[in-house]
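Reader: Hi! Could you walk me through this one? I'd like to start with the ligand.

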Amino acid sequence: MSAPSSPLTVAIVGAGPSGFFAADALLKARDDVRVDLFDRLPTPFGLVRYGVAPDHAKIKAVTRTFEATLRDSRVRFFGNVDVGRDVTVDELRARAHAVVLSVGASSDRSLGIEGEDLAGSLSATEFVAWYNGHPEYADLAPDLSGRHAVVVGVGNVAVDVARVLAKSVDELRGTDVADHALEALAESRIETVTMLGRRGPAQAKWTTKELRELGALANADLEVDPADLDLDPASQRAVEADAAQGRNLAFLREAAATPPAGKPRTLRLRFLASPTRLLGRDGHVHQMIVGRNRLEDRDGYLAAVATGEEETLGADLVLRSVGYRGVPLPGVPFDAKRGVIPSDGDQVTHEDGTPVSGVYVCGWIGRGPSGVIGTNKPDAVHTVEALLGDPHLPEPDDPSDAAIPALLDARGVRWFDADAWHALDAVERAAGEAAGRPRVKVTSREAMLDAADGARLDA
Ligand code: NAP
């Protein structure tokens, strides 16, 4: 097989962390490469911009590395291009030697319980996108007028949304939280935020640093029932074998022994508790029926099993935070059960396990929604190594620099290049500087396009 024509051209679909890590790995591995990064939104950085909590500015610092990638002359950014709708993956395959899919997991898992669709019952995914100014969720308008919020799940996303609900608005003012969220949170009447873990404290998915933050909130007392921390022998063994879980449990014991300081809000952690039904009043969630669980060892996995005991909790806002889920990309195989694009770990595979020529995958859409941002780096590097070692990369019909812009222009797609993003970025930062914040996010797609146009005209 002859070597691919030069430069090697790669289209990366999804300009979140995984897409940027893949782009960076390509640039480091080869000089003669052209990387085209596509995103559905006008803005790059995916979950770093729209998923990481606004009060976790340090985690967002990774965008500095991504910016360097974006400024490399071998990289082009095509924002506001919905691959699968504006252009197909096959159309990209005809214009690039390889396509890397790094579209993340944009949907969420549901609980499958009665009342889940009542007003006031939302997914954490939506709530997070709303407070982070994602243009498709700017109008979510979660109702914060009740006293009791319940967050289902004890992973890091649950910790994020519980913390944002428990903080005072003054603690969020200096962040890049969306203006609409700042206004709504300023009016919030939430007094208690209850987090529900279906299994025990030893099985919670949060990481130590994130858990500890919950004990240092200026506006909320952390409440843990010491009885919830009496472990069964299997959980005890699990904690002894896992240093991080040991630290988490020690922290929870300390929290359980600390009397409340009378702060305005209470953040309550509950374990072995599952929502079984949501009850509404006038179409809005009002209460949650919570079932008590016990743990049952199933081949080493400690599963939550209902005991039949139930209680009623006040629940004016319910946020389910039980995991993200990938959605299908038109024209690409999809494993609906796992919510991922099937692959051999790097290259996309058909249902029969045979590889899809020149199409690769990395990040959450390939392996599922797990790990922190940095986890995606080795994953993307591995995918790029496989791509670069692929002896069967197909030769595209037209890999010329003009081919993709011509296709988008012919379709009337108003695509956003890196200059447009930098113009929007400057507008957001300037507004932020005036307000003593890192940036003030523009939260509508039209306003983003207009802001970039306006800034470029002024330049
Ligand atoms: P996660 O870590 O997988 O946690 C999901 C939680 O939902 C678990 O507690 C799980 O309990 C629970 N759950 C699942 N199905 C449930 C059901 N039917 N009823 C009740 N509970 C249920 O997922 P995540 O919180 O969405 O986070 C996704 C990834 O992003 C994680 O790797 C996380 O660490 C990362 N992240 C990191 C940060 C950070 O570094 N600051 C911030 C946000 C997210 P079981 O264990 O019983 O299944």
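Author: Happy to. A backbone N or O atom of Gly371 lies 2.7 Å from an oxygen atom of the ligand; a polar contact here is a pair of N or O atoms within 3.5 Å. This is a predicted model, where local features need pLDDT of at least 70 and side-chain atom pairs count only at pLDDT 80 or more, while totals for chains, interfaces and linings use all residues. Residues are numbered from 1 along each chain as its sequence is written, and side-chain values use heavy atoms, leaving out hydrogens and water.

Reader: And which ligand atom does a polar side-chain atom of Glu210 lie 3.0 Å from?

Author: A nitrogen atom. For Lys205, a polar side-chain atom lies 3.2 Å from an oxygen atom of the ligand.

Reader: Nice. Which residues come nearest?

Author: Asn156, Arg198, Arg199, Glu210 and Gly371, out of 23 around the ligand (near means a heavy atom within 4 Å). Helix H7, residues 156–166, gives the most to this shell, with three residues; helices are DSSP runs of H or I with at least four residues, and strands are E runs of at least two.

Reader: Why does the ligand lie between the domains?

Author: Because domain 1 (8–106 + 325–416) and domain 2 (113–322) both give residues to its shell. The bounds come from an automatic or database domain assignment.

Reader: Switching topic: what's the strand order in the open sheet?

Author: S11-S12-S13, with antiparallel pairing; strands pair if DSSP finds at least two bridges between them. The edge strands are S11 (273–281) and S13 (301–314).

Reader: How many bridges join S11 and S12?

Author: Eight, with S12 spanning residues 284–298. Arg277, for one, has Ile289 in S12 as its bridge partner.

Methods:
Polar contact = N/O pair within 3.5 Å; in protein donor to acceptor, adjacent residues only side chain to side chain.
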